[in-house]
Amino acid sequence: MALISTLLALRRDPRILKLPPYLSALCILVGVVWLLVLPLNEYSRNTYVSENALLPGQVHTYFTGSEHNIFRAYRHEVAALVDTSVQERTQRLGDIFRSSNLKVATQKYEYHASGRNISNQNVYAILHGPRADATEAIVLIGAWRNMADEVNHSGVALVLTLARYFKRWSLWSKDIIFLVSGDSTSGPQAWVDAYHDSYSPASIEPLSIKSGALQGAVAIDYPAGPWGHRYDKLHVVYDGVNGQLPNLDLFNTAVSIASGQMGIGCTLQRMWKHDDSYQERLQTMLRGMISQGLGHASGPHSSFIPYHVDAITLQTVGNGWHDEMSLGRTVESLFRSLNNLLEHLHQSFFFYLLMQANRFVSIGTYLPSAMLIAVNFTITSIALWVQSGRGVSTPNPASATPKASPDSKTSKPDSMTAAEKSGAIALIPTTSLAITERKLFLPLAFILASHFLGLLPLYIFNNTSEPYLGLAFNTITAVTTSLPVLTALLLSKFLCPTEQETTLIQCFSLLLLGMYLSALATLNFSLSFLVGIFASPLTFVRSLAPQTPPTTQSPQIPPSFVSKNRKSLSATMVILLVLLNPLVVIRAATLYWGATIVEVLVQAAEGWHVWGLWTQVVVWLVWWPAWFAGSVVVAGGLFA
Amino acid sequence: MRSFLPLLFFNYLIAFASAASDYYERLLLRPLPRSALLASFNFRSNESSASFDQQHFRYFPRSLGQILQHAGTKELHLRFSLGRWDAESWGQQPWDGAREGGTGVELWAWLEALSEEEAFARWLTLTNALSGLFCASLNFIDATKTIRPVMSFQPEGDHHNSSSLHLLHGTLPHEVVCTENLTPFLKLLPCKGKAGISSLLDGHKLFDASWQTMAIDVRPICGQDGTHCVLEMEQTVDMVLDIDRSKRPRDNPIPRPLPIEEIACDTSKHYNAEDTCYPLDKSAEPPWNLTDIFGRSLKGACPLTDEDGEGAKTVCINTPPERIIQANTTGQYVETRLASDTVRCYKLPTGADFDIDLPEQQMTTGLVLASPPLFAARSINGHGQERGSIQAVIRNPSFTDSVEFVYLESLPWFMKPYLHTLQARVDTSPSNPIKETYYRPAVDRHRGTHLELCMAIPPASTLTLTYDFEKAILRYTEYPPDANRGFDVAPAVIRLLSPGSSGKQGVYVRTTSLLLPLPTPDFSMPYNVIILTSTVMALGFGNIFNLLVRRFVGADEVQTMGAGGLQGVLRGRITRLRAKFTTG
């Protein structure tokens, strides 16, 4: 009982409102530190294969000998098709598949994004598992052009050779589909969409032959020309669209087969040299997070993952002594493992961060980091809600030091009300009985409007044709930078928002941000974390209106200083927020990675129209409205 | 270039070998494109109704006969199938698909019973007995997997009192057919795999086939005037073997890459070199013989077959006349040529091994494969845990005839179709191809969905049938051990109404089975819950147990409390001992 009454007495204590900013800062700090300790041995784990049926590397591989001669011939055939038309290429590849007694079909696709016309043709062949009943299938992909737009000579030739070789085996319990897609992103997307019949017939052709439920997909990216190239390592690419990941078992099987059985080193996230130090692990993890956060397609496998088909790309990198046959044997062994599967891959993790080919952290370990960052917004939002309900500050009756404020002294005699309950009479300050009503209309309307406003850039960027994208970006950057100041000016001119209303605007904006980010953290951890970090200053900025009572001000700054430098402080915060404008952040990021902004926007638009990318929605309807609301609130301090 | 000879339907071979003798067997071999070989085994044993009723069995197996009598079964059709028939390469199914089954096990029977309940009880008796006889999980055909088709099946036999007959149909698409089903199948034969064509049936080769189906059909056949009824049991094994794969010896079945000298390279390619070889297609017919293909030798004729006449022609091979065939045996055999020499039949020697040898040969003529009446493919579309849709694409290859057929779907109860989304479109005409619909909705955990559609496709058209369905969430005990594999959905059965077959057998086409992924819980969760509740229980139990059995005394009541350390402990022990002795 004593505890409850102490807490109840504390409830009215104005000191309690000073706590949330510190609490939020602590959340952010712990969230970031949490992420930084993940690469340590104590917080990450060695990978392991959970699914017993996979038995990686337990089979002898026989893809050698005369198959190598045939591979070289097919590589010449592929090289001869480089300058031919799409139609001719498809026809010839289909003929080679047909000569291996496989069923062949083709698929045309044509997409329009940012005024570009993405059209090409897929050709695929189905190897009927000799004893299979068309219920399950695994896919081997060789995109005609890889992500770097090089012709995938050896990759396609290897797919052709393996198709011929696999046909002779009688042990396949699943159908095997060999897919040579026209390109690395839209082609596989068109194919997998048509396979699951979720497509618009205007842009892609339906598949004339199909097999059963897809159980896994492996893509080969080996662009060595007709005279070959010996590689050093296999780069395993695993990011799917929207940051979805394949089952960790598939990745582990590939790594275990390549490094354990074939002796080929494996690398990930373009970390060509990895000495297993803390820095390297952290860098790998951060690269993985950025790739996941962007949610773009990272290879031909990416399109499969949204359909719950686990997929990876094996990419050859460097100069070494491994040849195409060792890659072929790796794929053979991987397919033998997948062929063993009795169930869909489900045993291992779908949410993980990899920091080396054999080290990972699972969602249980890393999730608190993004959650803490999301929680910091919620804490501040609750604090702002409570603060908005406090009318005038009252002296704490329990506090020993009397308030120096003159008006509280003069109003003291008539500020007491007698309350009577069961015969006892108590004197209570009238101010603490007064009810402060919150005016919700303006804040809610503002928050709603700012979220709808986000639809504009979303629409413009996804539907502007390529030549105008740069212009559109610069215009929108300029508009969004000046918009908060203008809005604040207009608001103060026409609607004169009270201090309570500006507080509520910030409160709702942060509440929504916290909610969205914590929900997003369970789907795409990295995106939630990155947006949370860039939005974290929004927790600490406040509207510095002149009537601000001293108790609710920013705790770090003494009141006299704030009231004196109100305008200049507001201006500083506005400038800080301008730097954190999502568009400015995107521009800075493109400068840092040496990409052009048009390239990024074209990719994003293609993602929006073809791959079903959702990152833009998060940027324009979660991050941007929160930033806009925060900036308007701060800019209000300039005009009040 | 090859010229093509018209192919003789081999059903013709069967037609005239009717109830002439009581036991009849025939193996028909037909090379198919892409080095495949269709082997079609047919065994037929008759028993007159009178002796069957008196349980006097001669050729009819007693084990099966007694089951049929006990369960009141008048006509029985049982299928064990594996793989799929590749209609585009291999053409029309053997027996017009009438002896074919869907993947797994399919069973339908006409039972004599007074009421539906009685019929179902007898059906359960039948499935349980057959389950034991054929070592298959037929006992899992329960109410949820049983339907009563209306249009898709017609009795093949002659039945007198057809009003009291009930047709029940059940499928087990998940059942894996293997050697344990073949052994009881062979035991039903009079020669039991020891002689005759059944001596070729070896589990290793049969189940390595690209497609195989084992069928048992029991039906009563009566004379013109309704008397002289016999009970006929027909056992059929059809399989398509890959000649290259089947010829690999059993002790070295690995298809290692051939030495480069044995591969025919295309030397016209500009890059052709020592280490580069573009493989040439083999256009010649591959060499094979019975012993290599089946892994066993044919042990002469079964002595129960006819000595002469049609019934004696036990092994037939359907090839162009120019194909060289060498019969190897030490005994006496007779070769007959039928159907303008495209079919060669052999009367087997008794007691001596028989083999036919076909050398590698460059052919100039080929056989035209009969085109199947319909091509059917079915797939599950959509993704996610909640909904999906089924799409069946049925194509009529004929340029002249329209085809009318019945489409039968038997869906498990946890797959709930929305009938209002059922759409059938024909690409060449805007009219609705559905003539008639029979639909019996599912009842959760009691029966599955039964959907029969009577449809027509105009010539050279494709019919696309789609409907959406919802996936139910099962109770966690209802999941099988391999829940994440998905659930098998039985193949759709298509029966052609016109053009149908002249006989009573009908023309059938079946689609492949489907794999339906259902929302699956994380099964480690119940385990975690058990662990957590056990911990809580243990904690609670421990505390209460402590309270109950421990004696709590005040600190001042203990005399030795003052002295700590070893002395205190010792003194405490002594006090306790003394207390024990004094009280007890």
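Select C316(B) to begin: in this predicted model the residue is buried, with a relative accessible area of 0%. Add C345(B) to the selection, which is likewise buried, again with a relative accessible area of 0%. These two cysteines, C316(B) and C345(B), form a disulfide in which the sulfur atoms are 2.0 Å apart. If you display the torsion about the S-S bond of C316(B) and C345(B), you should find a value of about 105 degrees, so this disulfide is right-handed. Colouring by secondary structure then places C316(B) in strand β11 of chain B and C345(B) in strand β14, residues 343-347 of that chain, so the pair ties together parts that are 29 residues apart in sequence.

Next, select C191(B) and C302(B), which form a disulfide with their sulfur atoms 1.7 Å apart. The link of C191(B) and C302(B) is right-handed, with 70 degrees about the S-S bond. It connects distant parts of the chain, since C191(B) sits in the loop between α6 (179-187) and α7 (203-206) of chain B, while C302(B) sits in the loop between α9 (290-294) and β11 (313-318) of chain B, the two being 111 residues apart. With a surface shown, C191(B) counts as buried because its relative accessibility is 9%, and C302(B) counts as buried at 1% relative accessibility.

Move on to C265(B) and C277(B), another pair that forms a disulfide, here with sulfur atoms 2.0 Å apart. The torsion about the S-S bond of C265(B) and C277(B) is about -105 degrees, so this disulfide is left-handed. Both C265(B) and C277(B) are found in the loop between α8 (243-247) and β10 (288-289) of chain B, 12 residues apart. Is C265(B) buried or partly exposed? At 23% relative accessibility C265(B) counts as partly exposed, whereas its partner C277(B), at 1% relative accessibility, counts as buried.

Now widen the view to every cysteine sulfur, where a search of the whole structure finds 4 disulfides over all chains. When bonded cysteines are counted along chain B, its disulfides follow the pattern 1-6, 2-3, 4-5, 7-8.

As a last stop, switch to chain A and select C27(A), which is in no disulfide; the nearest cysteine sulfur belongs to C507(A) and is 17 Å away. The relative accessible area of C27(A) is 11%, so this residue is buried.

Technical notes:
Residues are numbered from 1 along each chain as its sequence is written. Chains are lettered from A and ligands numbered from 1 in the order in which they are written. This is a predicted model: local features need pLDDT of at least 70, side-chain atom pairs count only at pLDDT 80 or more; totals for chains, interfaces and linings use all residues. Side-chain values use heavy atoms; hydrogens and water are left out. A disulfide is a pair of cysteine sulfur atoms within 2.5 Å. Helices (H or I, at least four residues) and strands (E, at least two) are DSSP runs, numbered from the N terminus. Buried means under 20% relative accessible area, exposed over 50%, partly exposed in between (1.4 Å probe, protein chains only).
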